[in-house]
Each structure stands twice: as C-alpha cells, then as structure tokens.
Amino acid sequence: MATKKIIVKATFISSFCILFSNPVLAQKQFKVLLVTETAGWHHESIDYGITAINELAAAHNFEVVRQQDAIKITEEGLKGMDAVIFLSTTADIFDDNEQAAFEKYIRSGKGYVGIHAASDTEYDWEWYTKLVGRMFHIHPAQQTAKLKIVNHNFPGLEHFPDTLLWTDEWYEFGPYKIEGLNDLIMIDENSYDPKVTWKNRDADKNGNFTIDRVGVGTGTHPISWYHECDGGRSFYTALGHIEKVFENQWFLDHLYGGIYYAATGKGIEK
C-alpha cells in the first residue's frame, strides 16, 4: 500500500513539473511595451493604470514590459513587441531617433494603444497625430455623462449595453487628422455641460500666452475608436482620467479588447 502511494505521488509531481516546465504551455500569447512618460501634465491615474494593465496581463496570459523614462526607444528594443501602449503620456516624449524607430515598428504591422492623454502627446509629430486619429483640445470639469456604444462587434464591447452612465473627464477633440476612423463609443453632449474656457492658454504670434482656449462642444462625438494606419493597427480610448476607472470591470473589458486588437489584429467580426 505504501509503495502504491509513493508511485502515485511521484507521478503527480512528475506531471506537475512537465506541465509548468513545458515552454509551449508557459508561452504568453503576446507581448506589449507600456510607455508612461510625461513631459507635461502627469496624471495621478497612471499608477492605477499600470496596476490594472499588469493584472489584465496576468488574467489574459500576455506579457507587459515597462518602458523606463531614461531608456530610449530603439528598433532593437521594440523587437518582439506586438503592441505599444501609451498610458496618459503628455507633450513631447520622443526624440527624432525614437520617432523614426516607432514609425518603422508600426509599419512592420504592429499595434498602438492610446489611453486618455495619449491624444495630448506629440502635437508637432504629424505622423503620430494620424496614428492617434484626433488630438485633445480641451475638457470641462469632471462630470457624469451618457455613453453610447456604437460597435458591439469590437473585442470587449460585445456584452456592453447600448447606453451607459459614466463619470470621467470628457475630452473635446480637434479636427480629424486622418480619414477612416471606426467609432466605438460616443458621448452624448446633451447629458453633460461641455462649455469651458481656459484663460491665456495659447500663444499669440509673438509667443505670448494671451489667447483663451474655449470649449463649446461639438455635438455627440466619439471618445473611442480604432483604425488601420500606415501598415499597423491603432486603438484609442479617452476614458481613464479618474483613478477608480481602472477598477471598473466595464472599462477593463474595453481596455483589454483594444490591447488584444492592437497586438493581434483579431477579434473583429467581419
């Protein structure tokens, strides 16, 4: 009897070791680079976003590599990455060489994910503005608004209701930088007050900050979209200013769907 127990135990241990030492079984389904560098406003929600994305990686079996601010983006460093996530980055974060490396990376068929202030980044880099699709212009005070889900075929949105109340910081965007954006979520401006004025925000022709920036609303407008761009894939969501949003399961499903699409190109019903 004792001999049988020893054999059974040894078989279990052997099977356990094989299961967890098998490189095929342990392989992650894709790998992403997480960029959080800011040269302008730094969102407090970034730390919450880092935690949330790492938890998504654990739940969905993908790998996250954090890009340290002091380390340059290079072609070599981007090898093996299936997508790059810009988590509330702001202002000018890449030099010319980094920009060239990232452009080449996207053109090789890889993916981009922009979260919230990623649209408040690199305004003077025309290629990047097209990759995002539209750039941040202004926002009113944080408030509750009604969201309209307009594409349930996109990954992560399959089970969403048609409308949803949400509290966040609502971006008003500038003009389209590229054609062909596929809207995912719209915001109903009748459900919140979009009017706002930022005094002395923009520079005049002499470089003096004397011009007010005004937000008056643009009607019901998209706050999340995706598109193919220059050989690669792009997903953007303006949600994610408030820290607690990164603990909201609706948002986590939405975010993972975007990461999954950007990294794999899969999940969209044709």
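Tutor: A residue is called buried when its relative accessible area is under 20%, exposed when that area is over 50%, and partly exposed in between, using a 1.4 Å probe and protein chains only. The model is predicted, so local features need pLDDT of at least 70 and side-chain atom pairs count only at pLDDT 80 or more, while totals for chains, interfaces and linings use all residues. Residues are numbered from 1 along each chain as its sequence is written, and side-chain values use heavy atoms, with hydrogens and water left out.

Student: Is Phe 86 buried or exposed?

Tutor: The relative accessibility of Phe 86 is 0%. Because this value falls under the 20% limit, Phe 86 counts as buried.

Student: How far apart are the end C-alpha atoms of helix 5 (residues 96–107)?

Tutor: Helices (H or I, at least four residues) and strands (E, at least two) are DSSP runs numbered from the N terminus, and the expected span of a helix is 1.5 Å times one less than its number of residues. For the twelve residues of helix 5 this should give 16 Å, and the model agrees, since the end C-alpha atoms are apart by 17 Å.

Student: Which residue caps the N-terminal end of helix 5?

Tutor: The cap is a polar contact, a pair of N or O atoms within 3.5 Å in which, within protein, one must be able to donate a hydrogen and the other to accept it, and residues adjacent in sequence count only if both atoms are side-chain atoms. Here the backbone nitrogen of Asn 97 lies 3.1 Å from a side-chain oxygen of the capping residue, Asp 95.

Student: What is the angle between the planes of Phe 86 and Phe 102?

Tutor: Rings of Phe, Tyr and Trp (its six-membered ring) pair if their centres lie within 6.5 Å, with planes under 30 degrees apart counted as stacked, over 60 as edge-to-face and the rest as tilted. The structure holds 27 aromatic pairs. Among them is the tilted pair of Phe 86 and Phe 102, whose centres are 5.5 Å apart and whose planes differ by 40 degrees.

Student: Which residue of helix 6 pairs with Phe 102?

Tutor: Phe 102 counts as buried, because its relative accessibility is 1%. Its edge-to-face partner has a centre 5.8 Å away and a plane at 90 degrees, and the pair links helix 5 to helix 6 across 25 residues through Trp 127.

Student: Which side chain makes a polar contact with the side chain of His 139?

Tutor: His 139 lies in the loop between strand 5 (134–138) and strand 6 (143–149), and it counts as buried because its relative accessibility is 18%. Its side chain makes a polar contact, 3.2 Å long, with that of Glu 169.

Student: By what distance are the C-alpha atoms of Ile 178 and Gly 133 separated?

Tutor: Ile 178 is found in the loop between strand 8 (172–176) and strand 9 (182–188), where a relative accessibility of 22% means that it counts as partly exposed. Leaving aside neighbours within four places in sequence, Ile 178 is in contact (heavy atoms within 4.5 Å) with Lys 130, Gly 133, His 227 and Cys 229. Although Ile 178 and Gly 133 are 45 residues apart along the chain, their C-alpha atoms are separated by 5.8 Å.
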